[in-house]
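Visitor: Hey, could you walk me through this one? I'm new to reading structures.
Guide: Sure, let's pull it up and chat.

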Amino acid sequence: MPNFFVPARNIQGTSFFFDETESRHLTRVLRKKEGDTLQIFDGEGSVYPAKLIDCSEPKKVRGEIITATLNPERSELDRVQSRISLSIYPAVLKGPRFDWLLEKATELGVSSICPVSTDRTLVKLGPSEAIAKQNRWEKIILAAAKQCGRADLPAVDLLTSYTGAIGKVTNHAINIILWEREKKESLSEVLSEVPIKKSVTINLFTGPEGGFTLQEIDQARKKGFSTVLL
């Protein structure tokens with residue numbers, strides 16, 4: 001059953017309403033009407049079977065939750081996510097490749113995404129452009145979550161400088177940076193040592209088209225990062 005997004009702030013008891021974009025999609029595109037049943041999720045991990053009770057306002061469709069439930073297809077992933085928090089820090093890529101990255105990262109269950117601007121990042125954004133991009137990225141993530149049946153949404157940050165991103169991580173986490181010039185340690189070797197039966201936080205940095213500079217790798221190593229090859 002398709003998922004439809006209702007922010008948690010729009011749910012009061014068993015009553016809820018859709019934001020304007022989702023409301024218009026339901027009424028104008030899908031031609032839904034009062035009494036139709038569907039499945040909603042709040043982006044924070046809860047999924048509910050529901051029915052529509054008022055479609056008279058195209059900008060604010062209202063519904064009623066039938067009962068709380070869990071998506072059995074996601075239960076195993078949810079159990080893993082409860083133990084492992086994976087945050088990715090990808091350098092922004094040109095064209096549709098970064099959109100694809102956001103989509104697949106959402107489907108795979110990452111906890112958060114922090115887009116990074118590195119020395120060799122080709123995409124340069126001003127403050128207003130960065131905000132516009134973040135809004136677009138949130139829409140891509142929401143669409144991916146709806147498509148795959150994910151009940152929560154990974155947070156996506158504003159574009160962050162490499163130094164700022166490195167400074168965000170803690171030494172208590174498993175911090176990894178992919179580097180094509182690493183010759184010894186592989187990503188699979190590092191991950192094979194992760195204690196998956198315990199709660200763990202993993203931060204994974206990936207570079208731009210031209211890779212990381214030696215200075216950036218040195219900065220990461222001083223912070224305690226493991227450089228790994230694929």
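**Salt bridges and a helix**

Guide: Let's start with a charged pair: Glu182 and Arg221 form a salt bridge through their side chains, at 3.7 Å from N to O. Keep in mind that this is a predicted model.

Visitor: Cool. Where do Glu182 and Arg221 lie?
Guide: Glu182 is in the loop between E12 and helix H6 (187–192), while Arg221 is in helix H7, so the pair ties together parts that are 39 residues apart in sequence.

Visitor: And is Glu182 buried or exposed?
Guide: Glu182 counts as buried, because its relative accessibility is 12% and the cut-off for buried is under 20%. Arg221 is partly exposed, with a relative accessible area of 41%.

Visitor: You mentioned H7. Which residues of helix H7 are buried?
Guide: In H7, which runs over residues 214–222, they are Glu216, Ile217 and Ala220. They cover an arc of only 100 degrees around the axis, so they sit on the same side of H7.

Visitor: What's on the other side of H7?
Guide: Gln215 and Lys222 are there, and they are exposed.

Visitor: OK, so what covers the buried residues of H7?
Guide: The cover includes helix H5 (162–168), plus two strands, E12 (174–178) and E14 (226–228).

Visitor: What happens just after H7?
Guide: Gly224 is there, and it takes a positive phi of about 100 degrees.

Visitor: Back to salt bridges. How many does the count come to?
Guide: The count comes to 12 salt bridges. One of them joins the side chains of Glu20 and Arg24, at 3.1 Å from N to O.

Visitor: How far apart are Glu20 and Arg24 in helix H1?
Guide: They are four residues apart in H1 (residues 20–29), which means about one helical turn separates them. An α-helix has 3.6 residues a turn, so residues three or four places apart point the same way.

Visitor: And how accessible are Glu20 and Arg24?
Guide: Glu20 is partly exposed, at 39% relative accessible area. Arg24 is partly exposed too, at 28%.

Visitor: Got another pair within a helix?
Guide: Yep, Lys104 and Glu107 meet in a salt bridge at 3.4 Å, N to O. In helix H3 (residues 97–108) they are three residues apart, so about one helical turn separates them.

Visitor: Which residues are linked in a network with Lys104 and Glu107?
Guide: Glu103 is linked with them in a network of salt bridges. Lys104 is partly exposed, at 26% relative accessible area, and Glu107 counts as partly exposed at 25%.

Terms used
Residues numbered from 1 in each chain as written. Predicted model: local features only at pLDDT ≥ 70, side-chain atom pairs only at ≥ 80, totals over all residues. Heavy atoms only, no water. Buried < 20%, exposed > 50% of the residue type's maximum accessible area, 1.4 Å probe, protein only. Arc of directions from axis to C-beta. Contact = heavy atoms within 4.5 Å. Salt bridge = Lys/Arg side-chain N within 4 Å of Asp/Glu carboxyl O.
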